[in-house]
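Hi,

Here is the structure I promised to pass on to you. Have a look at it first, and then read on for what turned up.

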Amino acid sequence: MHDLLIKGGTVVTASGIKTLDIVVDDGLITSLSTNDLNLEDFKEVIDAVGMIVVPGGIEPHAHIGGPRQPERSGAGPVSMAALFGGTTTVLDFATQIPGHDLYHALEEAEERWSGNAYTDYAYHPILTNGADEDSISQINQLTRDGIASFKIFTTSIRPPSPQMQNNHTDFGRLGTIMERVSEAGSILLVHSEDDEMVHYNYDRLKESDEWEWWNMHRVHTNQSEDVSFRRVSRLSELKNCPIYFVHVSAREGVQEVARSRAAGLPIYGETLHNYACFTYEDYRNKDGMKYHTYPSLKGEEDRDSLWDGLMEGTLSTLATDLVSTTWEEKIKFKTVADVTGGHNGIETRMGVAYTEGVVKRGMSLERFVDITSTNAAKIMGLYPRKGVISPGSDADITIMDPSVDKELSLADLHLEDYSIWEGYKIKGWPKTVVHRGKIVVTDGELLSKPSYGEFLPRCISGEILRGPAC
Ligand SMILES: [Zn+2]
């Protein structure tokens with residue numbers, strides 16, 4: 001007797017798209033079959049005829065709230081919404097705070113997740129302003145313990161204020177961090193903007209009294225992304241350090257990722273589904289700060305360039321940069337200096353990628369799977385346990401119904417009291433989600449519990465670390 005059969009779906013595997021039956025036992029995919037299997041040999045059967053069957057989504061970029069960020073939603077509501085949206089793994093951050101090391105940051109992250117995890121999860125430790133030698137030297141041991149990615153910011157994203165921790169890492173220290181990451185066999189996530197340009201721009205807008213939030217793209221500019229990406233990729237070349245540029249927002253960013261990958265460097269780019277669908281013109285709408293995520297929305301040409309990058313392979317992943325707050329919190333601040341960043345779209349990521357990519361732009365299903373799951377698994381060291389429908393892999397499977405054709409309303413969504421995707425016309429949406437062999441969502445019903453998610457130790461393959469492998 002087998003546990004589960006997913007029958008007759010259009011299955012996207014690493015070796016192509018086929019009509020297959022997926023056999024699941026003890027949480028794992030045990031075989032893929034084209035034979036007529038006897039239904040009586042299975043405890044449960046999902047009829048997937050007419051459905052698109054893909055690996056469970058992997059969200060590589062989410063900021064989960066905890067006691068120090070009470071305005072942000074925590075792991076429970078966020079991971080539940082992720083499941084409804086077809087995402088079964090979430091990567092959060094573990095932010096260092098002044099006077100404490102990376103292990104302390106990890107303890108805080110574990111407190112947030114433990115007992116609250118509907119999805120599997122892992123964390124990227126963030127080294128913050130002035131990170132000391134002790135913290136930097138922990139990169140090696142942490143990598144061996146399965147924490148395989150670290151993050152830095154090349155700018156503090158806002159003007160100095162008592163409320164805002166300064167996350168800026170200077171290029172001197174960055175060089176040392178890159179050396180440690182390289183030696184350890186991990187990867188460095190970089191929020192890459194030119195600190196001097198960003199803060200000069202803040203000063204200039206303040207002087208000219210253009211302080212409203214809709215000027216955000218004039219602070220966090222294309223040129224700042226251009227200059228900073230080049231500087232980071234050049235330093236990474238000197239230090240032999242693999243880089244993952246989070247939230248590429250500008251055409252210049254896409255171009256620099258393309259240039260460095262063409263030169264053989266292990267550099268990867270991520271963009272966000274709100275960056276791919278909105279522009280800074282949308283900031284001008286009523287309550288248009290709801291669209292804002294740092295660095296900033298850019299123009300139409302940039303948006304087109306992000307899609308080119310996603311379609312052609314220059315950009316590897318589509319993430320959310322989740323910071324989930326209530327509507328009241330999201331629209332509370334109205335200036336470039338304090339507007340609330342973050343995007344509560346973890347539930348819409350796969351449906352929007354399917355609609356915008358596959359339906360509207362003719363993206364292949366393989367590419368859709370790459371940007372929503374496989375590439376994040378490979379780059380972050382979860383592959384092949386995650387990110388692929390293959391015997392031996394975890395049975396994390398999202399069954400998309402391509403016939404769904406409707407406007408999203410808040411009643412469809414499960415996180416917070418607003419969404420920038422309210423009213424968005426979706427074509428294709430997750431119908432059933434299987435997480436380590438268990439049916440966790442079906443037809444809008446949640447069948448899992450917040451103690452089911454597990455922490456995932458990670459190890460990145462040499463292929464990813466040596467050159468641009470996906
Ligand atoms: Zn972020």
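The second largest pocket holds about 190 Å³ of space. Lining this pocket are 13 residues, and those closest to its centre are Trp429, Pro430, Lys431, Asp443 and Gly444. Two strands, E16 (397-407) and E17 (425-435), each supply at least two residues of that lining. Sorted by class, the lining of the second largest pocket has 6 charged, 5 nonpolar and 2 polar residues. Please keep in mind that this is a predicted model.

Now to the largest pocket, where the space comes to about 1100 Å³. Its lining is made up of 41 residues, with Glu71, Arg72, Arg158, Gln163 and Met164 the closest to the centre. At least two lining residues come from each of strand E8 (87-95), helix H2 (102-113) and strand E10 (149-153). Of these, E8 gives the most, with 4 residues. The lining of the largest pocket divides into 16 polar, 14 nonpolar and 11 charged residues.

There is also a zinc ion to look at. Which protein residues are the donors of the zinc ion? They are His61 (through NE2), His63 (also NE2) and Asp321 (OD), at 2.0 to 2.3 Å from the ion. Along the sequence, the spacing of these donor residues is H-x1-H-x257-D. Histidine 63 and aspartate 321 link distant parts of the chain, 258 residues apart. Histidine 63 belongs to strand E7 (residues 62-63), while aspartate 321 sits in the loop between strand E14 (317-319) and strand E15 (322-323). Both histidine 63 and aspartate 321 are buried.

Enjoy exploring, and write back with any questions!

Best wishes

Key
Residues are numbered from 1 along each chain as its sequence is written. This is a predicted model: local features need pLDDT of at least 70, side-chain atom pairs count only at pLDDT 80 or more; totals for chains, interfaces and linings use all residues. Side-chain values use heavy atoms; hydrogens and water are left out. Donors are N, O and S atoms within 2.8 Å of the metal (3.2 Å for Na, K and Ca); water is not among the atoms, so sites may look incomplete. Buried means under 20% relative accessible area, exposed over 50%, partly exposed in between (1.4 Å probe, protein chains only). On a 1 Å grid over the protein atoms alone, a cavity is a set of points where a 1.4 Å probe fits but cannot get out, and a pocket is an open set with protein on both sides within 12 Å along at least five of seven lines; lining residues have an atom within 4 Å of a point. Grid points are joined across faces, edges and corners, and a volume is the space filled by probe spheres set on the points. Ala, Val, Leu, Ile, Met, Phe, Trp, Tyr, Cys and Pro count as nonpolar, Asp, Glu, Lys and Arg as charged, and the others, Gly among them, as polar.
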